[in-house]
Amino acid sequence: MKRLLPLHEMAVNFGLVSNHPVHKRGRKSFFSPEGKVALMFLKMYTQLSAPKLQEQLNGNVHYQIFCDVYVNPLCPLTNYKLIDDIISELSDKLKIQQQQNILADAWTPYMKQRYSTSSSASTQQTPSTWQS
């Protein structure tokens with residue numbers, strides 16, 4: 001699933017990646033720009049709270065691979081506010097229409113019959129018992 005997500009393009013759109021390398025001061029971020037975007041996909045997909053997502057990141061190597069991060073089992077993440085801070089950072093920079101366009105462009109080759117819709121005819125009509 002990870003390779004089907006245009007994480008780099010989305011990180012660029014969020015302004016997390018610059019076309020011109022800039023030497024930033026301070027501590028290096030625990031998550032890469034693409035890892036931050038992947039973390040948001042994971043949060044929405046799993047519907048976990050920040051503390052529960054942190055717990056999963058500490059113990060689930062698949063979550064770590066998805067987010068391009070390595071959490072040492074001897075030194076696990078202890079501050080779930082890190083996840084809240086990333087959510088806040090990305091929500092301030094979100095341009096939903098542009099992000100949707102990036103996803104649509106990436107997924108277009110995998111979509112068949114994009115201009116048709118279908119619905120299920122398996123629902124049964126039952127008599128209404130509503131009385132006014």
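Okay, let's start with something this structure lacks: it holds zero disulfides. If that word is new to you, a disulfide is a covalent bond between the sulfur atoms of two cysteines. There are cysteines here to look at, though. Take Cys 67, which is buried, with a relative accessibility of 0%. Then take Cys 75, which is exposed, at 57% relative accessible area. One more thing before I go on: what you see above is a predicted model.

So, the overall layout. How many helices and strands does the chain have? Six helices and zero strands. Read from the N terminus, the elements simply go α-α-α-α-α-α. The chain has 132 residues, and buried residues make up 27% of them.

Now for the charged side chains. Here's the background: side chains of opposite charge can pair when their charged atoms come close. In this model the count comes to two salt bridges.

Let's take Glu 89 and Lys 36. Their side chains meet in a salt bridge, with 3.0 Å from N to O. What does that pair tie together? Glu 89 sits in helix α5 and Lys 36 in helix α2, so the bridge links parts of the chain that are 53 residues apart in sequence. How covered are the two partners? Lys 36 is buried, with a relative accessible area of 11%, while Glu 89 is partly exposed at 24%. The cut-off for buried is under 20%, so Glu 89, at 24%, does not count as buried.

Glu 89 has another partner. Lys 93 also forms a salt bridge with Glu 89, and there the closest N and O atoms are 3.7 Å apart. This pair stays inside one helix: both residues lie in α5, four residues apart, which is about one turn of the helix. Lys 93 is partly exposed, at 32% relative accessible area. Put the bridges together and, through shared partners, Lys 36, Glu 89 and Lys 93 are joined into one network.

Next up, empty space. Rolling a probe the size of a water molecule over the atoms shows where empty space is left. I want to show you the second largest pocket, which has a volume of about 320 Å³. Which elements give two or more residues to its lining? Those are α1, α2, α5 and α6, and on your screen α2 is 33-46, α5 is 81-93 and α6 is 96-107. The lining has 14 residues in total, and Met 10, Phe 14, Met 40, Met 44 and Leu 94 lie nearest the pocket's centre.

While we're around α1 and α2, have a look at the loop between them, where you'll find Leu 16. Is Leu 16 buried or exposed? It counts as buried, with 13% relative accessibility. Also check its distance to Pro 33: the two residues are 17 apart along the chain, yet their C-alpha atoms are separated by 5.6 Å.

Last stop, the surface. Leu 4, Trp 107, Tyr 110 and Met 111 make a nonpolar surface patch of about 390 Å². Leu 4 comes from the segment before α1, and that helix covers 7-14. Leu 4 itself is partly exposed, with a relative accessible area of 34%. Joining a patch takes over 30% relative accessible area, so Leu 4, at 34%, clears that cut-off.

That's my tour. Go ahead and find these residues in the model for yourselves!

Terms used: Residues numbered from 1 in each chain as written. Predicted model: local features only at pLDDT ≥ 70, side-chain atom pairs only at ≥ 80, totals over all residues. Heavy atoms only, no water. Patch = residues over 30% accessible without salt bridge, like charges linked within 9 Å, V, L, I, M, F, W, Y side chains within 5 Å. Areas by Shrake-Rupley, 256 points an atom, 1.4 Å probe, with all protein chains shown as cover. Salt bridge = Lys/Arg side-chain N within 4 Å of Asp/Glu carboxyl O. Buried < 20%, exposed > 50% of the residue type's maximum accessible area, 1.4 Å probe, protein only. Disulfide = S-S within 2.5 Å. 1 Å grid on protein atoms, 1.4 Å probe; cavity = no way out; pocket = protein on both sides within 12 Å on 5 of 7 lines; lining within 4 Å. Points joined across faces, edges and corners; volume = space filled by probe spheres on them.
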